[in-house]
Each structure stands twice: as structure tokens, then as C-alpha cells.
Amino acid sequence: MLNGLYVADSSGSKRTTSGNLLSQSNRVIWRRAINRRTVKVLLLNPEDTPYSGEWQEHLWDLIVDLGWAGPDCHRRWGQQLGTQVISLYDFQEPIEVFRKVNEIIDVGRNQLLDSQGIDWWELIAAVQYEKLQFLCLLNRLKEYLGTSADLTASRPPTNLFEQVWDRRIPCFHSRPSRRMNWEGRAGRVWNLTPAQIVEVAFDKWDADYKLRRYANLQLRLRNNDPLVLLPSPYVNVSRVVLAYASLLPERKFLLVSTRHSGKWKSGHPNVLRTSLAAYARSSRRSRREAESLVKGWDELKRVLLTGLPELRWATQAGYFNDFAERLAAGVCARDAWWNLLRNEPIESVLCGDDLNIYTRIPLILAKQMGLRSIYCAHGALDATLLFKQRYADIYLAKGEMEADYMARICRVPQERIEIGAPNARANHGGRKEFSCASRSIVFFSQPYEVYKGRPEEAYREILPRLCNIARTHDCKVIVKLHPFESRRERKRLIERVLPPSKRSLIEISACRFASELFDKAWFGISVSSSVALECAQQGIPFFNCGWLEPKDTGYVQQFTKFGAGQLLTCPEEIDSIPKLIRETNLRDPSSLLCETINSKSLERFMFGDLPSEVQKAVPTFASKVAGRLLRRVFYPSLSKAGYLFTRANRFQSLAVITYHGVLPSSYQEEDRFIDGGMVRTDAFRRQLRWLKSHYCVIDPEACHRWLMGRGDLPSRAVLLTCDDGLLSTATEMLPVLHEEQVKCLFFVTGSSLCEHPVRPWYLQLYLLLLCAPRGRTVVQVDSLRLHFNLGSRQERCAVWWRLVKELSKYPADKRQMIVNQFLDVLRLPREWDLSYRQEPSLRERYTTLSRSNLQQLVDAGMAIGNHTLSHPLLSQSSDEVSWKEIAGTQAELQSVIGTPVWALAYPFGDRGSITPREISLAEQAGYDCAFLNFGGCVHRQSLKQRFALPRLHISARMGIAEIEALVSGLDWSLREQFARYRFAAAS
């Protein structure tokens, strides 16, 4: 007996196999099968049809099409053969199979890492997602048919079927003859152009660039100007990334093609071109690493065999037999990218295809090396985001439709999505009006067979009806081929599905881009094609053949929802297209589909948030080992030799040192992430004494006069600053400053104006997350809704930073209210923070100064600066909130301390927290200067940017030699010198 999900009945609708929902004819078929106690099932390969092989001589209770076609096709087959025909893809719900693929890939994640941190299992398995989808559907088919069905396959892969059903599955063509194999290969080669044949040959037999690298050595650039990397495997990706490059004509870009079809010959004066093969090299170290990874793959296979059934079947059936070859080629490609990133001054990466291994690697390396990275899908939508690891910092959506799909379907974090298309080309006049006789019907074809589709059946259902319309309205039908389609093969296919009288109405076009046909188009029609967006932008009516869509991505539904074409649910609706065009008032969805990005936003995404004058790159050495060597060997040696002291004498500059407080003496360090930015009292005392003996620690007012051009500084001048205004600065830090007779500039927040100490919202949030129970949590407070997992401490840190960015959008009072409500959301008891309130060391560590403590600092001769009202991430705040944060407490702070507040320190102060807007607001608020929290020393030329002055941050792990390297300017100088080689920073 079949325990099923659903089948298509003779009317074409989906019906379950239980109850009385089957049609009468189907009941007879199933009853006949049950009486025999066996169900004879034919598994029909996508290359076969039910009436074109030996199987047509047999009686089948059910034929399962392993490819996809329309329900009309399967209904027609069923009527001709007198049996039930269903498709494997009928068991597929939109998006769910993609999520299942993610579960499958998760089994092996982080178990095959190389020296660069690249997860090769995730990288290679993601490319084979279609095979994994096929396995998921086979598993559902097995549940539907049960284990007793009598299965026969029309052709391989029978070994896979045997793994799924755990028994032998007969096959009509189990072993194709050598002649059949050669004929099949020759037929596929015949369909390719000579250029395509050469390219495929190189991709197959020169995947590691051993040959191509010698022919491309002259393409090495050795350029000195900063560049944006544009990796591309084929022309559609090149077209998209170059469109973005054209928006920034003053910036330089580097288009790197990984294969010949990614090259672009048209002129872009700000784009340099090269080939990845030019940077390929072979080394023993890489070969040894590849061999080690292959051994790791052998161990991982044993893990996969005990994992999910789909992985076990795939491994046993040989789906991953070429994994080692792909791995070896991938390591060579990784080395080529590493060589390019090391030798060319790459500032950021803009990637248009992060599924292809060769263009995904630079995204991963960019993350490892601290480079900014942006992903922009070269198509309309990208469902593969559901199972790919997200390495890009920003995901560029072309419009609201794609942004909605990314966030709602693919679950990309909202804060990482930005909207901006390179060129919308919107037709704001709405639908074009013209005579259909002067235009053509454009059928945008797709390489259906690549995705187990049946192109002949799609053509059979679409083209005859389009030809009828073309004959009635005296126009032609243009079949626009996809770059992966063969003109010869499609011509033969058209000859099979159309009579000679209709073939004269067909014109085949192999032009590179759909836009070349827009001037000729009356209307467009296709199956789930991204060209729907381009037609909608141009006001060209477009129709999606929804009945032919394989239902796995949900693209057609998303297109229809946002007005990118009309949905056709059956072939008969094609006949009514002219009437629909005349009577339907098509809306102009261009603003939802594409919104052109402005050059300033694109500049900010690619190069950071600071203006070019203060936007310094921070990459230093590639590994933590190199960083340790600097701190423990190189800097101490230079310090003992007196070089650092001499160097500081040569350069007239100001070193602004910043602390984030001193840990209370009885405080036990809880977390390196939150406590690593502070120092112990004894370390602070040693550092002050060393600074006094080697440098001139100046008064903050002397620094103020110098910044305003009213005085000079002594040589080796150092200014002390301290951020956040925690209570420990008064109890632990102030006595040491008084003892050493040193003045400091304290930057305090608006909470220091309260009568009693207050815990800052961002520290309270962090403590809440540390104390919260493990597990997945949904936060829904006010309009905020977030999903996150509270597991390891590292995961909690990531969640904290995500919440900081999200909550910084709200005003201070509303933000604090939301944080207070997290107590209930995270299911914590009311007394969760009792120890933080009662224990003196914890209270000093996690609360801010009160008004009386602030007066205590002023009475001791310390200078006071503003650190905003509530310490948000200003780059995430609105204009109104940012202005209130920067200027809101200035007047009250001045009235408390009795002197003008002339300095501002930006909260967090890193590159991602400041934009040109904050720099402008600081100047408008009346400050004389503003400080960042990174950079080198303040030179005289830096005074042109008084509202983005660099500082040197002292952390808990720094020794005296490293501090001397910072203050002398050597550390930052090395960072700048090595910036073009892009070694990753070691902190």
C-alpha cells in the first residue's frame, strides 16, 4: 500500500493518495497494483521520454519523471500510456529543500579548514547543491512509495537509487557501450562553439592554471594605486560589477577574470584588467597542504557516512569522487588569489557571484585579511544565500524586491543589507505604447537541461502558441538564447516541435545581453528569468510561465508580488496575452525593483565611513605569530637599542594615548572581550612612570592651545585621555594620576550628570546576554524583531554587537527602555544583577561617574570632554538622534564643570562607527576638536582634520616596548607600509 504525499490526478491538480480524493481512473490503477501486492514504478531519466525506449513495452503502475516539466506534459503522457505520471519535483515545496541542503552541509562544516581558515567542505559542497536537492527529493519519493514498490530505472544513476532503497534496482541501460559514450560526448561537443570547446578543455584539464599561467604572466600589474577587486567567472558577472565601477570614475578597479568568458573588452577607463592565471604559482608547501587536506577529506567521509541519510547515499554512490581533484585545484586558485592580494594594493572586494569556488575564495580571504567586502547578486534573486556562509560585510540589493527576499526568505541580517542598483534605467513614463506590428515577441530561453528540465516540452507548450499570436499580429518570435545554450541544438529542437509553416516566424538570437532586444520587444515571456526586472524597468509587458517553474526558489512568486511581470498558470493563458496587454493597467514597479545607488553611498560601502584624509588602512601582518614576534622580540630589541627613543626625537608630533579605565584592584576579570580594553592599577602606574621618564606628558589645556594654533608643544609630547567615564576612574585612576602629578582629559557621557551612578546601556546589555540561558531566542520588543542563538561566549559577543548596532538607531530613552525589557525576553530572574549592584568592585567596573564624582575630577585639575549623551554607534543613528547625542549634553556639562567643553570623543571610535556626518555635526556643535579611537600620532598636517584626530589605544595585554612603538609612531608607520601587501592585523 502506498503511504503518499500527493500525486497529480488526470485533471492535472495535486491530490493526496489517501482518502477519496483520487480520481476514478487512478483508483483502478492503484487497485490493480495492490491486488498484485506490488507497484511497478519506472524512474524516468530527464534524458528519456516514456514512449521512446524499451520501457514503453512494459505496463507501469506509476512513472516518476526525475526531471521537471509542466503538469500538462505529464497529463498528456499519462493519457497516452494509460498510467499515472508524476514528477519528482512535485514533492518540492518552495525554499524548504534549500533549507534542507543547509542542514546537510552543516554536518561537515568547520571540519576541513586550511591554513587560511577556508572551509573546503562548505566551499565545494555548496557548488553541488543541486545534487543534494535531488537527494532530498529522492528521500521524499521513498517515503511516498514505501519500500515494497518494484522499481526500475530507465538509465543510471542506479547506484544512487540502490543506496536510497537499499536494494538492487534494475536498469534498462545500465551500462552504456563505449560507442554510445563517445557518441554522446561528440554530440555535446558539436553543440559548442570553438571558443567554448577551448574554454571547457582548460577548465577541465588546467583547473590549477599550470599551463595558462605562462601565457598570462605579462598581465601582472604591479600597480601602486589603491584598487577595488572585481572577481568574475563569466560575462554576466563582469557586466554587473563594471556597472558599479562606472559610478566611481575617480576610483580604480581591477577586474580579474578566472576564465576566458569573464573577460570584458569594452572601455572603462577606471578599470584595469588581468587574469587570475597570471598570479598562479606552484609550491611544495601548497602541494603538501593539499595532500594534508585530502587526508582530512578521507576522515571527513567517515563522518558523512554516519550523518544524515542523504549524505550517506551521496558518499556511497560516488557523488564526491572528484572531491580531491576539486580540492587540489581550489588550493591552487587560493594561492593565486593570495599572491594577487599580496602584490596589488587591494582596498576592498566587490563580488557578483559567491557560489562559484573561484570567485568565492577572494571574499573569504578578504574577511581573513580585514578588507571590506561587498556582494551583489548578478541575477535578480539568489536563493543560495540560504545555505552559503555569509562572508561579505554588505549585501547589495538592487531594490526592495531583492532586499525583501534576502531578509524574509534567505534570512540575511537586515543590518547587512543595503539597497542600490548600478543603473536603474527606469521607464518612468509607464508602459510603452507602440504598434505590435513593428515589434517582436521575445521568448527568453533558459538552459533547462542543466537543472534537469525538459527543454523540448517547454518549447512545445510555449512556442506554438506564441507563433499563433505572431501570425495574427504580423510579427516575429525571437528566441533569445542564454549564454549556456547551443544555437545548433536549439535550432534542431525548434524543428522538432514546430511544423515548417511556423518555423518561418522564429528568429534565434544569441546576442550577449537581453537589453539588445528591448527596442524590438512587444512583450517578453520566460520561465523564472531575471530579465523580468529589466523588462519591467523598460515598461515592456512581461509574462512568467509559472506552471513550468520548478517551485524550489519562489522566484516567480516574488516577481509577481512586486510587479515584475504577470503570472501565467497554464499554457492556454498564453493565447490571451494580447488581450491582457490591452486591458490590464500595468503598474510601474521600477522603484521597487531597482533603486539606483548614489556614488557617495557606494564610496562609503567600498572604502569605509571616513573621508579619504583620515581613512587610513589598518592591515598589518598576516598571522598572530608575526604579531607576537613584533611584540615580544622586535619591539623589545629596538627599545633596548634606543632606536624607538631616537625615532621619537626625529618626528615633531603629538601622541594622544587613550585608556578606557582602570580595573578595580579586587575585581576578577570576567571576560577578555569586555575587560581587555582596560588595564590594572599597577600596570597603569608603571606606564605613567615610564612615559614621564621618556616623554613629556602635557596638560590638556596646552594641547588645546596647540590645536588652535596658539602655542607650540615640547618634543615627544604625550596627551593622556580616558573614555567612558566609569566609576573606577575616580576610585582607581585618579589617585594614581594625583600621585604621579599628571593631568588627563576625561571623556564622559550624559549619565555622569545623574546624581547616582548608572550602568551604561551597552554594558547592561552585554551582562544580560552573558547571564541568559543557552538556546535560540526571538526578540520582539516594540518594532524590533531579531532571531539569534545564545551559545558560546563568542556567539554572545557577536549577538551583542549586532544588538548594539540595531539599538543605536533609537533615541537614548527608548533604547534604555528596550534594554530593560530584555530581562523578560531572555527569561532572567529579577535579581539577576544583585552581585553587580552590591559588590563594590563590580559596581565600580560597570557603572559610570555620578555628578559628585565628576566634580571630584574637576577639583583635581582634570579636563573634561564630551563622550555623547548615551554612547550609541553614531553611524547607525538618524540625523536627529546623532545631533542630540553630540550636542545634547554640552551645555549642561559646561555648567557643571564651570569651563567650556572643547573636545569630543566619538563612541567606539572605530572606522565603522563614524561617518562624515558625525564629523560635520561635531564642528557645528561648537567643539574645537574631536578624537577617533585609532590611527597614529597627530602631526601638524593632521590639524586640517581637527574633528577626526587619531589616538593610540592602550589595552591590557600591551607591554612597555609595544607602547613605546606606538608612541614613537613606528607601529603605525609599519602598518601603513605593509598596507599594500594586505597582511591581516594581529591584535
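**Exercise 1.** Is Tyr375 buried or exposed, and what is its relative accessible area?

*Solution.* The model is a predicted one. In it, Tyr375 has a relative accessible area of 2%, and because buried means under 20%, Tyr375 counts as buried.

**Exercise 2.** Classify the ring pair of Tyr375 and Tyr395, and place both residues in the secondary structure.

*Solution.* A search of the whole structure finds 35 aromatic pairs. For Tyr375 and Tyr395, the ring centres are 5.7 Å apart and the planes stand at 70°; since planes over 60 degrees apart count as edge-to-face, this pair is edge-to-face. Tyr375 belongs to strand E11 (residues 372–376) and Tyr395 to strand E12 (residues 394–397), so the pair ties together parts that are 20 residues apart in sequence. Tyr395 is also buried, at 0% relative accessibility.

**Exercise 3.** Describe the geometry and setting of the pair formed by Tyr555 and Phe559.

*Solution.* The distance from centre to centre is 6.5 Å and the angle between the planes is 35°, and the pair of Tyr555 and Phe559 is tilted. Both residues lie in helix H20 (residues 555–561), where they are four residues apart, about one turn of the helix. Tyr555 and Phe559 are both buried.

**Exercise 4.** Which residues do ring pairs link into a cluster with Trp761, and over which ring does the charged end of Lys40 sit?

*Solution.* The cluster that contains Trp761 also includes Phe673, Tyr762, Tyr766, Trp800, Trp801 and Phe908. The charged end of Lys40 sits over the ring of Trp60, 5.2 Å from its centre, while that of Lys452 sits over the ring of Phe134, 4.8 Å from its centre.

Note on methods. Residues numbered from 1 in each chain as written. Predicted model: local features only at pLDDT ≥ 70, side-chain atom pairs only at ≥ 80, totals over all residues. Heavy atoms only, no water. Phe/Tyr/Trp six-rings, centres within 6.5 Å; stacked < 30°, edge-to-face > 60°. Helix = DSSP H or I, 4+ residues; strand = E, 2+ residues; numbered from the N terminus. Buried < 20%, exposed > 50% of the residue type's maximum accessible area, 1.4 Å probe, protein only. Lys NZ or Arg CZ within 6 Å of the ring centre and 35° of its normal.
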